[in-house]
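Grab a pencil and work through these exercises on the structure below. Each one comes with a solution, taken a step at a time.

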Amino acid sequence: MNFPYGRVAFFVTSNIHKFQEAKRVLAEYDIAAAMIKMSALEIQDDSLENIAKASVLDAVKKCNLPVIVEDAGLFIKVLNGFPGPYSSYVNRTLGVEGILKLMRDVEDRSAYFLSVVAFSNPDGKEIKFFHGKVEGRIAYEARGESGFGFDPVFIPVEGDGRTFAEMSTEEKNRFSHRARALRKFAEWYKKLG
């Protein structure tokens with residue numbers, strides 16, 4: 001597969017924070033990131049892959065470029081994986097404080113973030129998925145000013161006890177779910193050209 005666009009990844013998102021994280025990760029592979037700021041279709045589904053697939057197909061129809069989209073979810077063990085694929089909606093409606101209320105007096109705070117990056121050519125015939133996961137736990141209170149979404153309450157196991165929101169983007173990208181999925185994409189994408 002050969003692309004007429006050079007080594008550029010077109011990232012469809014309306015979330016500047018996601019784009020900034022992606023841009024830094026892709027730069028490690030000498031891949032330039034171009035943000036296409038638009039909202040792609042985001043269906044409600046129990047599968048992040050199905051959500052990413054619907055989004056990437058909608059995005060390629062709208063912009064006719066080879067694009068990537070990313071969808072992620074926070075899966076909390078004691079809540080049977082809630083909010084999972086519904087994390088964006090739950091964050092908008094309940095927010096971080098709502099999750100902390102649900103976790104009040106809960107001892108097992110195990111959780112993980114899962115990210116799915118989906119890539120499609122403009123024809124939509126080939127869709128590739130790249131997954132990234134990071135294990136962690138839910139903090140007892142929101143901490144930190146960086147990041148977005150549930151970053152203020154997620155403490156990665158591989159970290160030093162800080163939440164994602166207490167880390168710089170560079171620190172978070174060392175082991176975040178999104179960075180892991182994007183690195184898998186970048187390794188595959190570099191082999192194409």
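**Exercise 1.** Sort the lining of the largest pocket in this predicted model by class: how many residues are nonpolar, polar and charged?

*Solution.*
- Start with the split: 12 residues of the lining are nonpolar, 11 are polar and 8 are charged.
- Next, the space itself: the largest pocket has a volume of about 640 Å³.
- Of its 31 lining residues, the ones closest to the centre are N15, K18, E42, D71 and S88.

**Exercise 2.** Find out which strand or helix gives the most to the lining of the largest pocket.

*Solution.*
- List the elements that supply at least two lining residues each: β1 (8–12), β3 (67–76), α3 (87–93) and α6 (177–190).
- Now pick the top contributor: that's β3, with 6 residues.

**Exercise 3.** Take the rings of F130 and F185 and work out how they're arranged: stacked or edge-to-face?

*Solution.*
- Check the distance: the ring centres are 5.6 Å apart, inside the 6.5 Å limit for a pair.
- Then check the angle: the planes of F130 and F185 stand at 75°, and anything over 60 degrees counts as edge-to-face. So the pair is edge-to-face.
- Place the partners: F130 sits in strand β6 (residues 127–138) and F185 in helix α6, so this pair ties together parts that are 55 residues apart in sequence.
- Look at accessibility: F130 has a relative accessible area of 8% and is buried, while F185, at 0%, is buried too.
- Zoom out: F130 and F185 belong to one aromatic cluster along with F119, W188 and Y189. The count for the model comes to 13 aromatic pairs.

**Exercise 4.** Two charged side chains lie over ring faces; say which residue lies over Y140 and which over Y112.

*Solution.*
- For Y140, the answer is R109, at 3.9 Å from the ring centre.
- For Y112, it's K133, with 4.2 Å to the ring centre.

**Exercise 5.** Decide whether S120 is buried or exposed, then name the residues it touches beyond four places away in sequence.

*Solution.*
- Locate S120 in the fold: it's part of strand β5 (residues 110–120).
- Use the cut-off: buried means under 20% relative accessible area. S120 comes in at 0%, so it counts as buried.
- Go through the contacts: S120 touches V56, V60, L65, P66 and V67, and also E126 and I127, leaving aside residues up to four places away in sequence.

Definitions and conventions. Residues numbered from 1 in each chain as written. Predicted model: local features only at pLDDT ≥ 70, side-chain atom pairs only at ≥ 80, totals over all residues. Heavy atoms only, no water. 1 Å grid on protein atoms, 1.4 Å probe; cavity = no way out; pocket = protein on both sides within 12 Å on 5 of 7 lines; lining within 4 Å. Points joined across faces, edges and corners; volume = space filled by probe spheres on them. Helix = DSSP H or I, 4+ residues; strand = E, 2+ residues; numbered from the N terminus. Nonpolar A, V, L, I, M, F, W, Y, C, P; charged D, E, K, R; others polar. Phe/Tyr/Trp six-rings, centres within 6.5 Å; stacked < 30°, edge-to-face > 60°. Buried < 20%, exposed > 50% of the residue type's maximum accessible area, 1.4 Å probe, protein only. Lys NZ or Arg CZ within 6 Å of the ring centre and 35° of its normal. Contact = heavy atoms within 4.5 Å.
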